[in-house]
Amino acid sequence: METFCAVWVSGQRLFWLASRLTAVRFLLCITVFTVTPALGAAPAAAPVDTSAVPEIHPPSLLPAGWHTGAFMEIFVRAYQDSDGDGVGDLKGLIQRLDYLKDLGISGIWLMPITASADGDHGYATTDFRAIEAAYGTLQDFDELLRQAHARGIGVIMDYVINHSASEHPLFASALQGPGSPYYDWFVWEKEAPQGWDIWGKTPWFSTPVGHYFGTFGPHMPDFNFRNPAVLAYHQSNLRFWLNRGLDGYRLDAVPHLVENNAKDWNDQPQSRRLTGELTALIAAYPQRHVVCEATANPVVYAAAHLCGSAFAFGLEREIVGAAKGHTKAVRAVSNYFRTAPASMATFASNHDRFAGDRLWDQLKGNESRYRLAAASYLLLPGTPFIYYGEEIGMGGVMGLAGDDALRAPMRWTAEAKLGAFTSGTPFRPVSPNAVRFNAAAQLADPNSLLSFYRRMLALRNLLPSLARGSYEAPFVQGKLMGFQRTLGSETTLVLINYGDKAARASIDKLAPSATLVQRHPKNEAKASVNARGVARVRVAARSVQVYSVQLH
């Protein structure tokens with residue numbers, strides 16, 4: 001049956017709670033703030049599944065090193081609708097797996113697909129072991145894994161570990177006060193703490209039973225990771241999906257797991273330790289991958305192996321700056337992997353506005369500069385994450401506020417309203433440049449952005465040095481950047497000219513008397529390396545050239 005109730009905070013109606021409760025579950029909504037269990041009474045059943053999940057290791061069906069290929073970040077709600085309700089779903093995503101395979105994708109990162117309260121982005125979780133109803137069922141999820149694995153594609157999913165939705169049944173129970181068995185699962189203080197400022201606001205929110213902490217606002221209360229039961233619950237949640245064959249996780253907001261005080265609240269030692277423990281749990285499963293959103297110090301999280309990988313926040317802005325021809329940014333891109341580990345996760349834009357608008361909008365539709373940005377992170381060390389629609393030049397939606405502008409329906413065809421995303425009414429307006437920049441039109445054009453992405457990914461997949469090789473001899477000459485990638489006996493040379501004029505590259509530290517065989521663009525061009533290991537190559541304006549270094 002279905003019950004509804006309102007929760008009041010500081011005399012204000014903060015949200016409406018709608019929860020589907022079976023006859024055997026405790027009716028939280030009816031009893032909030034009014035009923036205290038009698039002493040000695042049997043504890044109520046947990047309002048959601050909190051049972052311990054054992055560790056079961058299903059074998060991985062993916063090729064070794066699958067996670068060193070490129071990933072596609074997918075917002076399921078916006079990718080493909082299979083049933084005409086205007087909302088993307090897992091069955092729709094399954095229909096597009098061949099497109100991803102043909103593009104050269106090795107992994108998929110699913111933005112949150114678990115049940116949530118927000119009806120959109122999914123980061124306000126209401127059940128960590130259930131699929132969002134609009135996306136399908138657990139059986140649909142299992143079928144997605146089967147179909148993706150059959151194509152050699154791994155699947156990781158967002159896990160929102162720091163907080164729940166305020167509508168989560170465990171938090172609804174906690175709002176009964178200290179008598180609730182879940183009160184201490186969240187962070188509470190009797191008196192309102194003073195002096196706190198997170199992004200210009202206090203993170204403490206008042207209720208009749210105390211003040212709770214929410215890093216990201218009142219609608220997403222933080223879990224209390226000083227309580228061992230909370231950690232055990234999340235560990236079991238992770239196992240729940242891994243046991244089904246999930247290939248890993250993107251761990252959300254890991255620097256915020258523990259806050260010590262108003263001054264020491266970001267990226268605390270306890271948060272790093274917990275992240276390492278969670279990563280170890282996931283890595284105990286064969287061939288699983290972990291990437292972390294560690295915004296404060298991403299290099300530390302990757303270098304210290306607290307995560308398998310960490311998003312290279314900050315590099316994306318330098319990549320865009322380099323693509324615009326800014327010399328300082330070119331040097332920053334060249335220098336990044338001199339010190340950062342090769343396990344970093346690279347990207348040009350993503351679902352969060354703080355990482356920038358969609359790449360099309362940042363570069364104002366300049367396709368030659370767009371290609372430079374793409375080549376930069378697809379050919380550098382690291383695991384590249386492509387944001388869905390980036391490969392076709394999809395723009396943001398004008399007039400939508402915040403992150404919504406970045407999360408429009410995927411454009412599969414030129415049709416003005418639907419674009420083959422849905423047979424119904426799309427949940428959100430489509431991107432304004434869809435007539436030309438859609439998958440069908442781009443696939444038909446060998447000179448399109450999509451064709452360029454396919455060529456770059458084909459190089460990564462063909463040449464192991466580009467996927468897993470070292471970063472050697474980086475140099476910058478004006479607005480020209482070059483570097484070598486080496487794995488075993490294979491060396492690949494990459495040259496990117498961000499300038500508006502052709503450049504004559506003088507490349508040293510090559511194998512003496514080797515031959516440079518051009519891989520991109522493919523025109524059978526060759527260049528010689530002299531006995532001192534130096535070659536001179538002309539690089540056209542705003543262009544990318546890739547060579548194999550062949551020894552004699």
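## Rings that pair up

Search the whole of this predicted model and you get 40 aromatic pairs. Take Trp66 and Phe71: their ring centres are 5.6 Å apart and their planes meet at 50°, which makes the pair tilted. Both of these residues are buried.

Now for another pair, Trp360 and Tyr370. Here the centres lie 6.2 Å apart with 55° between the planes, so this pair is tilted too. Trp360 belongs to helix H11 (residues 359–362) and Tyr370 to helix H12 (residues 367–379), so the two rings tie together parts that are ten residues apart in sequence. Are these two residues buried or exposed? Trp360 has a relative accessibility of 13%, and buried means under 20%, so Trp360 counts as buried. Tyr370, at 0% relative accessibility, counts as buried as well.

## Charges over rings

Rings can have charged company, too. The charged end of Arg96 sits over the ring of Trp412, at 3.8 Å from the ring's centre. Arg358 does this with Tyr388: its charged end sits over that ring, 4.8 Å from the centre.

## A three-stranded sheet

Let's move on to the strands. Three of them make an open sheet, lined up as S8-S10-S9 with antiparallel pairing. Why do S8 (188–189) and S9 (204–207) each have one side without a neighbour in the sheet? They stand at the edges and each has a single partner strand, so nothing in the sheet flanks that other side.

S8 and S10 (residues 210–213) run antiparallel and are joined by two bridges. To find one of the residues involved, look at Glu189: its bridge partner in S10 is His211.

Note on methods. Residues are numbered from 1 along each chain as its sequence is written. This is a predicted model: local features need pLDDT of at least 70, side-chain atom pairs count only at pLDDT 80 or more; totals for chains, interfaces and linings use all residues. Side-chain values use heavy atoms; hydrogens and water are left out. Rings of Phe, Tyr and Trp (its six-membered ring) pair if their centres lie within 6.5 Å; planes under 30 degrees apart count as stacked, over 60 as edge-to-face and the rest as tilted. Buried means under 20% relative accessible area, exposed over 50%, partly exposed in between (1.4 Å probe, protein chains only). Helices (H or I, at least four residues) and strands (E, at least two) are DSSP runs, numbered from the N terminus. A charge sits over a ring if NZ of Lys or CZ of Arg is within 6 Å of the ring centre and within 35 degrees of the ring normal. Two strands pair if DSSP finds at least two bridges between them.
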